[in-house]
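The following note sets out points for a colleague reviewing the structure shown below. It proceeds from the conventions in use to the fold, and then to individual side chains.

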Amino acid sequence: MPLFAHAEAELEIDQNQARLRPTVAGLLVKRDDKGIHIGTHQSVRAMSKGYVRYTTVGGGINPFEEPTFAMRRELGEEYGEEFARECLIETLLGSPLSGAGWSGAKKSYWWFLIIQKGSLMPSLQHSECADFRWCPLPTIQDGRALTNFSTNKKHMLWHALERASRINPEVFK
């Protein structure tokens, strides 16, 4: 049985990226004496429309920008450059998963594992980020921490976690 039981949810791998807006998404992981935690924040854009929606760090890839560079840029823009410098970024998926953003727009997501090596808290410098939370891994695994995530984002997150636990198992021990 996979570490993340919900990772078996079907996710479309889109080979024709031309019709989708390319996007990066990061699975931010912190390990401390209390266990493993996943970083999430509330979307101010969704709040302005009356929704309580949590999400992971990420955003659009600029023209001619490499996905890894875009992930590092988004991490710095959303959580602060100092916080981004203390993080290690590893590619989880070499090709994107397709899905819908909170607005329903089709996007292709490149997922990255981001491991926090220091102890800083994100500074939430980006105007679209609010209420950062470190969610304990068991509450992500069983879905309790994901009640305010879109269904599609939940399934992509579980898939990314399953992949991360296989690629970098020492992080999840």
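1. Burial and conventions. A residue is called buried when its relative accessible area is under 20%, exposed when over 50%, and partly exposed in between, with a 1.4 Å probe and protein chains only. By that definition Y79, at 1% relative accessibility, counts as buried. The structure is a predicted model, in which local features need pLDDT of at least 70 and side-chain atom pairs count only at pLDDT 80 or more, while totals for chains, interfaces and linings use all residues. Residues are numbered from 1 along each chain as its sequence is written, and side-chain values use heavy atoms, with hydrogens and water left out.

2. Confidence. The predictor's confidence in each residue is given as pLDDT, from 0 to 100. The protein has a mean pLDDT of 77, and 78% of its residues reach 70 or more. Over residues 1-19 the pLDDT is below 50, yet beyond near neighbours in sequence this stretch has 38 contacts in the model (heavy atoms within 4.5 Å). Among the elements, helix α2 (residues 67-79) has the highest mean pLDDT, 91, and strand β6 (residues 97-100) the lowest, 58. Where pLDDT is low, the predicted coordinates should not be read in detail.

3. Overall fold. Helices (H or I, at least four residues) and strands (E, at least two) are DSSP runs numbered from the N terminus. The protein has five helices and eight strands, arranged along the sequence as β-β-α-β-β-α-α-β-β-β-β-α-α. Of its 173 residues, 51% count as buried. Among contacts between residues at least 6 apart in sequence, 69% join residues at least 24 apart. The exposed area is about 8,600 Å², of which carbon and sulfur atoms supply 51%; these areas come from the Shrake-Rupley method with a 1.4 Å probe, and for residues only the protein chains shown count as cover.

4. Strand β2 and its partners. Eight of the nine residues of strand β2 (residues 35-43) are buried. Two strands are taken to pair if DSSP finds at least two bridges between them. Strand β2 runs antiparallel to strand β8 (residues 129-136), with six bridges joining the two; S43 has C129 in β8 as its bridge partner. Strand β2 is also antiparallel to strand β3 (residues 54-55), through two bridges, and H41 stands opposite T55 in β3.

5. Aromatic cluster. Rings of Phe, Tyr and Trp (its six-membered ring) pair if their centres lie within 6.5 Å; planes under 30 degrees apart count as stacked, over 60 as edge-to-face and the rest as tilted. This rule gives three aromatic pairs. Y79 and F83 form an edge-to-face pair, at 5.9 Å centre to centre and with 80° between the planes. F83 is buried, its relative accessible area being 2%. The F132 and W134 pair is edge-to-face because the ring centres are 5.1 Å apart and the planes stand at 85°. Both F132 and W134 are buried, and ring pairs link Y79, F83, F132 and W134 into a cluster.

6. Salt bridges. Side chains of opposite charge can pair when their charged atoms come close. The criterion is a side-chain nitrogen of Lys or Arg within 4 Å of a carboxyl oxygen of Asp or Glu, and the whole structure yields seven such salt bridges. E65 is bridged to R73, with the closest N and O atoms 2.8 Å apart; both E65 and R73 are buried. Salt bridges link E65, R73, E74 and E77 in a network. D142 and R144 meet at 2.7 Å, N to O; D142 is partly exposed at 41%, whereas R144 is exposed at 53%. Within helix α5 (residues 151-167), R166 and E162 lie four residues apart, about one turn of the helix, and their side chains form a salt bridge at 3.5 Å, N to O. R166 is exposed at 53% relative accessibility, while E162 is buried at 9%.

7. Backbone points to inspect. Which residues have a positive phi without being glycine? F64 is one of them, with a phi of about 65°. F64 sits in the loop between β4 (58-60) and α2 and is exposed, with a relative accessible area of 86%. D131 is another, with a phi of about 50°. D131 lies in strand β8 and is partly exposed, with a relative accessible area of 33%.
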